[in-house]
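Me: I'd like to learn how to read a predicted model, one feature at a time. Could you walk me through this one?

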Amino acid sequence: MPINFALFLLIVPILCSAAEPQHPSIKGQGGATELWCVAKNNADDASLQSALDWACGAGGADCSPIQPSGACYDASNVQNMASFAFNDYFLKHGMTDDSCFFQNSAAVTSLNPSYGNCRFPSSSLRNGNFSSQSTSVGLGPSEDLSGSGRRSSRIWVWPIAIGYLFFKIMFLI
């Protein structure tokens, strides 16, 4: 087997796994994974505030805990308040990547974002099925606020790999 073909066989799985979106896989008690939808650390405050306003308004999230008298209210920390609203929306709308997108300002995590007296309800993944750990917390419907759909970043890998293998086989014979 030529050396470049062997290198190709080593590199393709690495590229495919690196391009595939990573999902939390930390197991909790009983084999369950608890998941939360939180604001990304690198999201700017203006984007978070816009997504927060939508989630608490048209999105239908229950934002009472992040109101001035609520346990999660912190006017100086938009990220924490957006995280609470995003998580509520996520729990109410199917716990999918799309229900935790918010113009690429949010992500699913297995790290509990609760702090102080502010407790974030979680979802639980058991045997590939979600179940809610909480009886109340609101999440509005999932939608891409930018108006453009997201596509998987690994779509381009397989045509290139198959094409490369096809030409290698054809020219080696």
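Me: Over which residues, beginning with 19, does pLDDT stay under 50, and how many contacts beyond four places in sequence does the model have for them?

Reply: Happy to start there. pLDDT is the predictor's confidence in each residue, from 0 to 100, and contact means heavy atoms within 4.5 Å. Where pLDDT is low, the predicted coordinates should not be read in detail. Here pLDDT stays under 50 over residues 19–29, and the model has 17 such contacts for them. Residues 127–153 are also below 50, with 69 contacts beyond near neighbours in sequence.

This is a predicted model, in which local features need pLDDT of at least 70 and side-chain atom pairs count only at 80 or more, while totals for chains, interfaces and linings use all residues. Residues are numbered from 1 along each chain as its sequence is written, and side-chain values use heavy atoms, leaving out hydrogens and water.

Me: What is the mean pLDDT of the protein, and which elements have the lowest and highest means?

Reply: The protein averages 73, and 57% of its residues reach 70 or more. Helices (DSSP H or I, at least four residues) and strands (E, at least two) are numbered from the N terminus. Strand 4 (residues 129–132) has the lowest mean, 46, and helix 2 (residues 45–56) the highest, 96. There are four helices and four strands, in the order α-β-α-α-β-β-β-α.

Me: How many aromatic pairs are there, and how is a pair described?

Reply: A pair of aromatic rings is described by the distance of the centres and the angle of the planes. Rings of Phe, Tyr and Trp (its six-membered ring) pair if their centres lie within 6.5 Å; planes under 30 degrees apart are stacked, over 60 edge-to-face and the rest tilted. That rule gives six aromatic pairs. In one of them, Trp 54 and Phe 102 have centres 6.2 Å apart and planes at 65 degrees, so the pair is edge-to-face. Trp 54 lies in helix 2 and Phe 102 in the loop between helix 3 and strand 2 (106–109), so the pair ties together parts 48 residues apart in sequence.

Me: Which residue besides Trp 54 pairs with Phe 102?

Reply: Tyr 89 forms an edge-to-face pair with Phe 102, 5.2 Å centre to centre with 70 degrees between the planes. Trp 54, Phe 86, Tyr 89 and Phe 102 form one aromatic cluster.

Me: Are Tyr 89 and Phe 102 buried or exposed?

Reply: Buried means under 20% relative accessible area, exposed over 50%, and partly exposed in between (1.4 Å probe, protein chains only). Both Tyr 89 and Phe 102 are buried.
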